[in-house]
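Reader: I should be grateful for a close look at one part of this structure, the sheet in the first chain. Please describe how its strands are arranged and then place it in its wider setting.

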Protein chains: 2
Amino acid sequence: MTDAIVPLLSTSLTNKVVEKTRKLIFHQLRQENAKEAFADYVLVIDSKIPSKEKEEFKTKLANTCKLVLANLEKAGLDCELRRSKEDMIFIFVLCSAERLKQEIYRSRVHDWLTGVRIRDIEDGHDSESDILLTEGERLRLVYDVITRSIKENGAGINPGLGEFKLVNSLLPIHNKEYNQTWIKSWSMKWVIDRNDLMLLRDHFGEKIAFYFAFLQYYCLWLIAPTIAGLFTYFFLSDYSILLAIFIVVWSVIFTEFWRRKERELSIWWGVRNFSRVEQRRPEFQEEFYVVNHITGELDPYFPLWKRWLRRIIAAPVIMAFSLILAAALLFYIVLEVTISEYYTGPFREQVIYLPTILYCALVPALNIVYVKIARRLNDYENNETESYHEFSLTQKIFVANFLVGYLSIFFIGWIYIPFNAEIGEFFQSIFDALGLSLTLKPVGPERLKNELKYFILTGQGISLFVELILPYMTRGLAKGVHKTISTGSKILHRQNSLSVDARNEDEEEFLRRVRREVLLPVYDIYEDYAEMITQYGYVSLFSVVWPLTPVLALLNNWVELRSDAIKICVHTRRPVPSRADSIGPWLDNLALITWLSSITNPTFVYLYHPNSTAFTSPSAVLVTVALIWFSEHILSVLQLIIRQCLSAFPSWADELILKEEYELKKKWLEKVEIPPVAPPEHSVQEIIDNREEKGSWFWRNEKRQDINERLAEIFQGLHLD
Amino acid sequence: MTDAIVPLLSTSLTNKVVEKTRKLIFHQLRQENAKEAFADYVLVIDSKIPSKEKEEFKTKLANTCKLVLANLEKAGLDCELRRSKEDMIFIFVLCSAERLKQEIYRSRVHDWLTGVRIRDIEDGHDSESDILLTEGERLRLVYDVITRSIKENGAGINPGLGEFKLVNSLLPIHNKEYNQTWIKSWSMKWVIDRNDLMLLRDHFGEKIAFYFAFLQYYCLWLIAPTIAGLFTYFFLSDYSILLAIFIVVWSVIFTEFWRRKERELSIWWGVRNFSRVEQRRPEFQEEFYVVNHITGELDPYFPLWKRWLRRIIAAPVIMAFSLILAAALLFYIVLEVTISEYYTGPFREQVIYLPTILYCALVPALNIVYVKIARRLNDYENNETESYHEFSLTQKIFVANFLVGYLSIFFIGWIYIPFNAEIGEFFQSIFDALGLSLTLKPVGPERLKNELKYFILTGQGISLFVELILPYMTRGLAKGVHKTISTGSKILHRQNSLSVDARNEDEEEFLRRVRREVLLPVYDIYEDYAEMITQYGYVSLFSVVWPLTPVLALLNNWVELRSDAIKICVHTRRPVPSRADSIGPWLDNLALITWLSSITNPTFVYLYHPNSTAFTSPSAVLVTVALIWFSEHILSVLQLIIRQCLSAFPSWADELILKEEYELKKKWLEKVEIPPVAPPEHSVQEIIDNREEKGSWFWRNEKRQDINERLAEIFQGLHLD
């Protein structure tokens with residue numbers, strides 16, 4: 001055991017990891033000289049003293065620490081105990097090369113058996129001399145060892161669960177030099193290429209790499225609608241039919257191409273089929289145990305009907321909240337419309353800002369509450385696998401995003417403007433009853449464009465501010481507050497206690513850095529995906545309303561790619577690398593929006609095109625419905641054709657798979673060794689001559705005959721001559 | 001080689017094959033006493049003497065025979081040469097148990113590598129003592145040996161291709177006793193259960209078994225709409241909304257359940273994933289050879305653009321023919337309508353039969369021509385795999401079936417009745433111009449029902465006649481004609497020449513039986529599928545028009561199940577067993593019809609329900625379009641929900657797969673042998689005590705400490721006390 005503590009991997013080396021990791025084996029890297037502290041993971045244990053029951057807490061804390069240390073040791077991991085100020089205890093975890101090698105082998109076998117990996121385990125490539133281990137994979141494997149149950153050779157530590165209530169979190173430490181190189185390289189490049197993505201995947205794992213890959217792919221694809229949008233803006237009429245067709249076709253093609261790209265990436269990154277073989281979530285709580293028909297073992301089980309019951313209970317909550325959100329949004333729109341366009345009464349100057357203030361105060365707050373409720377409800381569903389858990393949550397979050405993002409535009413485009421006269425009359429009657437003055441103005445398509453502009457510009461501005469600038473500000477503020485407190489009475493004592501557990505200055509520096517990282521929020525990939533999909537919605541659904549939408553989206557995404565990199569490096573904890581073979585449920589949402597685009601585009605063009613007669617035609621509703629019907633069906637057919645075409649041209653990735661499968665097959669077939677059946681040097685005549693006389697009446701009574709004789713005999717019967 | 005000629009499997013044994021084959025190994029069966037002749041396959045060589053170039057033909061014939069015999073011997077197969085009358089030479093092929101064993105092993109390895117089979121080859125189950133070989137599998141393997149290229153250890157004989165132009169066909173010989181047992185058992189049963197299907201699959205292979213499985217499953221599912229139809233017929237109004245909803249929901253559920261059932265059957269029959277790994281069609285003609293990136297070998301290649309060009313060329317032909325067919329059908333309908341309902345001029349009594357005569361003469365003829373053209377075009381496409389070839393042909397055939405089956409009903413339901421007044425006026429003007437008299441009668445929904453009745457009743461009647469009675473008649477006729485000729489001058493000589501090549505009376509009897517079978521047509525599974533899918537269309541699309549449709553369909557199918565069995569046994573050659581993992585492209589057609597049912601049902605109900613105001617309402621078109629839109633979307637959502645629900649309950653088949661996969665995994669993981677990492681008997685304190693002092697500044701400078709001391713030190717910093 002003792003020799004398992006191996007030389008350290010210094011952070012000064014880790015920028016080289018990125019280059020070398022694909023060529024060197026892991027333990028070679030570790031042999032180089034260590035200058036700075038290094039740990040695979042930090043386990044953070046809460047040690048904030050409660051105001052009462054101090055003694056009890058102390059015992060509990062001591063027991064937790066002991067159990068964690070014991071479990072880690074049992075799993076073959078090295079650990080170090082340190083205190084960070086008064087409220088946290090850090091347990092640093094390091095995995096030795098020997099232990100890791102076992103894990104790599106175990107993981108390779110598992111991947112091979114489940115179809116994630118094709119190449120045989122016994123394959124020569126996998127000998128000790130060239131195990132290709134990336135930093136991301138190392139961290140993933142170590143995380144797996146820490147969280148896996150003791151029965152399966154792990155440490156069984158899952159923060160916040162069961163005996164580990166006091167374990168606050170488990171996180172890897174940022175690799176400063178990688179982060180600097182990353183941000184520097186991306187900020188100096190126009191396009192993120194696949195090598196950049198590979199480096200990212202090697203460092204942060206496939207899940208995060210998929211997000212950036214999608215962002216980059218989407219960003220490149222936005223160039224086409226950007227050009228189309230600019231062309232339309234300068235040369236074509238508003239609500240251009242050409243642009244509408246272009247955008248719908250583009251949306252379908254983009255979605256289908258991404259589907260293919262996603263598959264290629266999953267093959268390239270070696271995570272194909274990964275989502276098919278999943279492990280149970282540690283948070284899953286069983287009701288009782290049942291015998292698994294497949295393995296014959298006792299499996300934790302949660303009745304299906306209960307989960308569905310919980311889902312059914314959740315549905316009205318989600319719907320109620322969606323309705324509240326929708327009502328709030330509609331209220332805002334109505335209020336805004338009323339005040340800005342109809343209201344001419346007293347305090348107009350002041351009152352006009354009321355809706356915006358209400359919106360800014362109400363909607364984000366509602367949204368935050370909604371997300372919290374959605375997460376709570378989702379946890380309550382007690383899903384067994386991570387992917388289903390994610391799927392369920394994504395759908396819940398998407399509903400809110402969808403409403404906040406698009407509802408007001410739909411309302412204005414489909415109800416407010418077409419039924420403007422009716423709505424105006426309604427308000428007139430209300431205002432008359434209230435004794436207020438009202439000026440009726442006809443509202444045109446301009447109103448829709450303004451609403452969209454407002455949403456896109458404020459939306460993107462706010463998101464950039466919240467993601468990049470706000471964290472700096474809040475942390476600056478927190479520091480300021482802290483300083484003010486620190487300058488108080490306990491300053492000397494506290495500074496002492498801060499450094500008391502560090503062996504030297506370097507270590508103190510390291511501990512302080514880790515503390516800073518622990519205090520950062522966890523990186524939330526949902527928010528980022530939701531933002532991108534919402535933006536895709538603006539481009540796909542509403543470009544025809546304002547042709548500059550894709551231009552702004554392109555600019556925003558170019559920045560977003562870099563700002564998200566900064567966010568991960570600076571504003572959040574380092575995420576635990578995890579695998580994924582797609583962008584998961586977001587693809588479905590992408591497809592949903594693409595389908596919706598076949599409804600919005602034709603209807604908006606029909607209603608608001610300068611030459612449209614929709615507002616005077618008596619059969620406008622019929623035309624609209626028929627248009628939607630045709631448009632949807634054309635979309636479906638188009639989708640089918642594109643899929644057929646794409647499947648006719650197999651990608652390099654599919655060929656790679658086939659090649660690997662073929663090699664495996666060849667190797668196996670070589671083992672089979674079918675003996676040659678007939679000596680090929682014998683002529684037909686010889687074979688027939690050698691045939692022995694046998695007793696059976698059909699197959700064996702044939703005399704030894706010359707084949708030519710036999711044929712002659714038969715030909716005679718044919719009367720050929 | 002010589003000892004490869006093994007004892008024969010007699011046909012008197014083959015009814016026991018069905019029972020024993022799953023318990024005994026193949027060569028055990030062969031050891032029993034042979035009474036009648038037996039061969040795995042008959043190769044039929046054309047020897048009909050052409051009027052000129054006799055000598056050339058003779059050489060060619062001799063060469064073909066020699067080549068066939070040589071190739072068969074090389075592939076390790078036994079063969080016997082016989083002449084049947086003047087126009088055919090039979091080459092009987094028999095495969096020895098040893099040769100077969102090699103093939104079984106080869107096939108098992110291939111299946112395992114391609115994922116069709118899960119269980120490991122080296123598995124104990126596959127030892128010599130229990131190879132489970134069915135008659136169907138034996139014939140499939142032998143067929144494979146005969147047709148596979150010489151390079152791959154086969155005989156490389158593909159009838160009609162290349163050097164084997166004179167080889168007319170390759171067919172297995174009917175197993176009389178199995179056939180008798182089959183027909184007897186099915187005609188005495190109400191329901192065909194899964195054991196019956198298993199026996200069928202064992203004998204005829206999965207492809208034919210899938211047809212019967214579908215037929216049986218569909219037949220059972222028809223019970224629900226039959227009851228609903230009868231209930232509607234007796235208790236509800238015409239064009240019942242309830243029935244329409246029921247039928248659409250039933251269609252969706254049936255399609256989804258069949259999808260699941262299909263998968264279960266494919267697992268049960270051990271052909272899961274089979275369609276994914278396909279071999280090249282022997283008919284495929286390469287343009288040139290290209291290096292395969294995957295195998296590194298030279299592969300025959302046909303440029304993709306050429307295939308697409310050919311498809312594009314085919315498209316207008318298909319469309320033109322569809323249009324001709326449609327025009328012919330519409331012409332018939334218009335003529336029929338004109339004459340039967342409007343025409344009151346001279347010769348009415350005689351003229352009234354004109355449309356029916358024209359229809360009976362024209363449409364089947366057109367259809368036959370169409371199918372021929374479609375086959376020709378499909379061959380011209382030069383598809384590489386059998387499944388794509390089939391898919392392509394199925395779609396072409398489906399178009400014609402669809403038009404012939406449904407077009408006139410759509411025309412009457414959607415155009416003729418709703419726009420009756422306009423059409424009547426049009427005819428009035430024509431008749432007036434021609435000076436003929438015309439009586440205008442209003443046409444109601446009755447007309448639609450009559451058309452449907454006519455189609456269903458005549459369709460089912462004709463099909464039963466064509467499939468069962470016509471073959472008897474034609475063969476009887478042919479025999480009569482033949483007899484008349486035989487009684488002529490050459491009678492003695494010919495009868496001599498008939499028996500000249502048989503060794504004894506039994507053999508003569510056998511040869512005569514084989515000749516009878518060779519003269520039968522090949523079993524065409526397309527026709528049978530097309531018939532069933534068309535019938536499903538009547539039930540799904542038009543039950544609401546005439547509620548007795550499902551009743552008739554149920555009756556027809558009950559008979560069809562048995563009559564198709566008779567057809568295969570008596571009226572066609574024995575089909576070469578081949579594998580399939582689904583009903584293939586017909587499932588797509590099933591889904592297409594299900595989708596269409598969401599259009600026909602609401603529109604027919606809206607238009608023709610007794611309380612409907614469709615014909616007086618000004619917004620009838622709008623309502624219809626909106627209805628279609630909603631109905632389609634409800635269908636999609638319903639489909640999604642059903643799929644979700646079905647996937648929530650894994651079937652026994654999926655569990656079987658998982659279990660086999662798990663067993664394989666377990667076996668492999670046992671081989672991995674991960675050594676225990678940490679001695680679990682050490683206490684945490686011991687571990688920490690035993691830790692050696694190391695030199696690194698972070699991980700190694702820790703003194704040997706008691707864990708409690710260390711915790712105390714840390715707790716001190718927390719000011720817990």
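Author: The account below begins with the sheet, turns to one strand within it, and ends with several other sites.

The model is a predicted one. In chain A, 4 strands form an open sheet in the order β2-β3-β1-β4, and the pairing is antiparallel. Its edge strands are β2 and β4 (167–171) of chain A, each of which pairs on one side only. From one strand to the next, the twist averages 20 degrees. In general, the strands of a sheet pair through backbone hydrogen bonds, in either a parallel or an antiparallel sense.

The pairings may be followed in the order of the sheet. Strand β2 (residues 77–84) of chain A is joined to β3(A) by 8 bridges in the antiparallel sense. One partnership is that of A:Ser84, whose bridge partner in β3(A) is A:Met88. These two strands, β2(A) and β3(A), make a hairpin with 3 residues between them. In the turn, A:Lys85 has a positive phi of about 50 degrees.

On the next step across the sheet, strand β1 (residues 41–46) of chain A runs antiparallel to β3(A), and 6 bridges join the two. Here A:Val44 has A:Phe90 of β3(A) as its bridge partner. The strand β1(A) also pairs with β4(A), again in the antiparallel sense, over 4 bridges. In that pairing, A:Val44 stands opposite A:Ser169 of β4(A). A:Val44 can thus be used to trace the sheet in two directions, towards A:Phe90 in β3(A) and towards A:Ser169 in β4(A).

Strand β3 (residues 88–95) of chain A deserves separate attention. This strand is mostly covered, with 8 of its 8 residues buried. Its side chains divide into two sets: A:Met88, A:Phe90, A:Phe92 and A:Leu94 point one way, while A:Ile89, A:Ile91, A:Val93 and A:Cys95 point the other way, and all are buried. A:Phe90, the partner of A:Val44, and A:Met88, the partner of A:Ser84, both belong to the former set.

A helix accompanies the sheet. Helix α5 (residues 135–147) of chain A lies across β1, β2, β3 and β4 of chain A. Relative to β1(A), this helix runs at about 40 degrees.

The sheet belongs to a chain with 25 helices and 6 strands. Chain A has 721 residues, of which 51% count as buried. Among its contacts between residues at least 6 apart in sequence, 77% join residues at least 24 apart.

Elsewhere in chain A, the unreviewed UniProt entry lists residues 208–233, 239–258, 312–335, 351–371 and 397–417 under "transmembrane region". Residues 239–258 of chain A are 90% helix and 0% strand, with the end C-alpha atoms 27 Å apart. Residues 351–371 of chain A are likewise 90% helix and 0% strand, and their end C-alpha atoms lie 31 Å apart.

A:Pro316 is found in helix α11 (residues 304–342) of chain A. This proline is partly exposed, with a relative accessible area of 44%. A:Pro316 and A:Pro442 are 126 residues apart in sequence and 39 Å apart in space, C-alpha to C-alpha.

A last site is in chain B, where B:Glu531 lies in helix α19 (residues 525–542). B:Glu531 is buried yet has no salt bridge. The nearest side chain of opposite charge, B:Lys567, is 5.8 Å away from B:Glu531, and a salt bridge is counted only within 4 Å. Not counting residues up to four places away in sequence, B:Glu531 touches B:Ser463, B:Glu467 and B:Glu560.

Notes
Residues are numbered from 1 along each chain as its sequence is written. Chains are lettered from A and ligands numbered from 1 in the order in which they are written. This is a predicted model: local features need pLDDT of at least 70, side-chain atom pairs count only at pLDDT 80 or more; totals for chains, interfaces and linings use all residues. Side-chain values use heavy atoms; hydrogens and water are left out. UniProt positions are given in the numbering used here, feature names are shortened, and annotations may be inferred rather than shown by experiment. Buried means under 20% relative accessible area, exposed over 50%, partly exposed in between (1.4 Å probe, protein chains only). Lys and Arg count as positive and Asp and Glu as negative; His and the chain ends are not counted. Contact means heavy atoms within 4.5 Å. Two strands pair if DSSP finds at least two bridges between them. Axes are lines fitted to C-alpha atoms, for helices over the stretch in contact, and angles run from 0 to 180 degrees between N-to-C directions.
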